[in-house]
Amino acid sequence: MDAPLSTPCNIQICEVTCDSFRIMWDMTMEDTGRATHFFIDLSRKENRDPNRFKHRDVPTKLVAKAVPLPMAVRGHWFLSPRTEYCVAVQTAVKQSDGEYQVSGWSQVVEFCTGDYAIEHLQQLSDKAKGSAGRLLKFSVFYRNQHRDYFDHIRSECGGLMRPALKDTSGSHGSPINGKLHGVFFSCNTEFDTGLPPKDSPYGPLRFQIPAGYLLNPNICVYFADFYCMYTAYHYVVLVLAPVGTEGDTFCRPRLPMLDLASNPFLTYVAPQRQGEEAVYYHASDVILEVLFTEPVHLDYGTVEQISGHHQLMSQTTANAKKDPSCKVCNISVGR
């Protein structure tokens, strides 16, 4: 009878991305020469079943032929970005009757997958271009809030709207979620008037600021996300970061940078002649959410009551989850 296989130990995870990782562990020289297969048990941390599977149940797990370690795990599961996983391994020898001689299960190791890489965001940007529609002129960025918000800004912040941490709405893998600070603005206009919409789910008071304060040649424009919330409407998130600022430094290695004068979402056209003004355009068929990474003073614009109805807060995108089944705004990583 063959000697039992030793239990894998010292499990190590490395080279983790949003959709892959490498795994290695310590094995005896004898087991390294004998093992024909590795069993990998991977599950989300919050859903982990404490009962380890048996080798007869392997169709739900990864069974791999033994390869030199570290072993790359990619494409066998639809790994989700920014998700905590538990992993354990077992070594096996396939016998002549088709059964496996197996080791004990290793200890369970936890790890977390990463954000979308810049190439994944470029894929998302390419998909968003197909939904952007034609470009429409606009002249102001705006931000709706309740009266208490603006009263607080004036009394406690010296009139300065300071950047706040981006929430977790949109794509789970967007690198800005929970990491980048900014002040959100809108710029979409109504088709018939060319003006901001009369309604808003964010509050009855609207701060408006001339577009040139936030969009000019000293600003870098980055693509950050494309998502929907189980509706036909799609949202594009852009980051506007003044050149050389902390926000610019954060975004530059993580997000695709857009050409300020030529992109499908938000553009600045410089004056062509002396005395002319710059012209600004926004995509017509998506809702733009613009995150400006620096503080903005109320004195740069005006605060006024909107003429339409204040809609229900349930219609906002705060911490909204992306529809994972939408074929328009989801990408397949690892393929």
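**Exercise 1. The surroundings of Leu266**

Leaving aside its neighbours within four places in sequence, which residues is Leu266 in contact with? Use the result to describe the nonpolar core.

*Solution.* Keep in mind as you work that this is a predicted model.

Step 1. Set the neighbours within four places aside and list what remains: Leu266 is in contact with Phe138, Phe141, Cys187, Leu215, Leu238, Leu240, Leu260, Tyr281, His282, Leu288 and Val290.

Step 2. Place Leu266 in its core. The largest nonpolar core has 61 residues, and those touching the most other members are Phe141, Phe185, Leu215, Leu240 and Leu266.

Step 3. Look for the main contributor. Strand β15 gives the most to this core, with 9 residues.

Step 4. Check for another core. There is a second, separate one of 18 residues, with Phe21, Leu62, Val73 and Phe111 among them.

**Exercise 2. The six-stranded sheet**

Work out the strand order of the open sheet formed by 6 strands, and find its edges.

*Solution.* A reminder helps first: strands of a sheet pair through backbone hydrogen bonds, in a parallel or an antiparallel way.

Step 1. Read the order across the sheet: β12-β13-β20-β16-β15-β17, with mixed pairing.

Step 2. Identify the ends. β12 (164-165) and β17 (257-258) each have a single partner strand, so one side of each lacks a neighbour in the sheet.

Step 3. Examine β15 (residues 219-228) and β16 (residues 234-242). These strands run antiparallel and are joined by 9 bridges. As an example, Val221 has Leu240 in β16 as its bridge partner.

Step 4. Add the helix. Helix α2 (residues 118-129) packs on the sheet and touches β15 and β16, its direction making about 75° with that of β15.

Step 5. Turn to β20 and its two pairings. With β16, β20 pairs in the parallel sense over 6 bridges, and Val239 has Leu291 in β20 as its bridge partner. With β13 (residues 181-185), the strands run antiparallel and 3 bridges join them; here Val183 is partnered by Phe292 in β20.

Step 6. Ask how covered β20 is. In this strand (residues 287-292), 5 of its 6 residues are buried, so by the cut-off of under 20% relative accessible area the strand is mostly covered.

**Exercise 3. The three-stranded sheet**

Describe the open sheet that contains β9, β19 and β18.

*Solution.*

Step 1. The order is β9-β19-β18, and the pairing is antiparallel.

Step 2. β9 (135-138) and β18 (266-269) are the edge strands, each pairing on one side only.

Step 3. From one strand to the next, the twist averages 30°.

Step 4. Zoom in on one pairing. β9 and β19 (residues 279-283) are joined by 4 bridges, and the bridge partner of Phe138 in β19 is Tyr280.

**Exercise 4. Unusual backbone geometry**

Locate a cis peptide bond and two residues that have a positive phi although they are not glycines.

*Solution.* The background is short: most residues other than glycine have a negative phi, and most peptide bonds are trans.

Step 1. The cis bond joins Leu69 and Pro70, with omega about 5°. Pro70 lies in the loop between β4 (62-65) and β5 (71-74).

Step 2. Asn10 has a positive phi of about 55°. This residue sits in strand β1 (residues 9-14).

Step 3. Tyr230 has a positive phi of about 60° and belongs to the loop between β15 and β16.

Step 4. Are these two residues buried, partly exposed or exposed? Asn10 has a relative accessible area of 37%, so Asn10 is partly exposed. Tyr230 reaches 56%, so Tyr230 counts as exposed.

**Exercise 5. The chain as a whole**

Summarise the chain, and decide where to read the model with care.

*Solution.*

Step 1. Count the elements: the chain has 5 helices and 22 strands.

Step 2. Consider burial and surface. Of the 335 residues, 46% count as buried, and the accessible surface is about 17200 Å², with 51% belonging to carbon and sulfur atoms.

Step 3. Consider contact range. Among contacts between residues at least 6 apart in sequence, 76% join residues at least 24 apart.

Step 4. Check confidence. The average pLDDT is 88, and 90% of the residues score at least 70. Over residues 50-60, however, the pLDDT is below 50; this stretch has 15 contacts in the model beyond near neighbours in sequence.

How values were computed: Residues are numbered from 1 along each chain as its sequence is written. This is a predicted model: local features need pLDDT of at least 70, side-chain atom pairs count only at pLDDT 80 or more; totals for chains, interfaces and linings use all residues. Side-chain values use heavy atoms; hydrogens and water are left out. Two strands pair if DSSP finds at least two bridges between them. Contact means heavy atoms within 4.5 Å. Axes are lines fitted to C-alpha atoms, for helices over the stretch in contact, and angles run from 0 to 180 degrees between N-to-C directions. Buried means under 20% relative accessible area, exposed over 50%, partly exposed in between (1.4 Å probe, protein chains only). Accessible areas come from the Shrake-Rupley method with a 1.4 Å probe; for residues, only the protein chains shown count as cover. pLDDT is the predictor's confidence in each residue, from 0 to 100. A nonpolar core is a set of buried Ala, Val, Leu, Ile, Met, Phe, Trp, Tyr and Cys residues joined through side-chain atoms within 4.5 Å.
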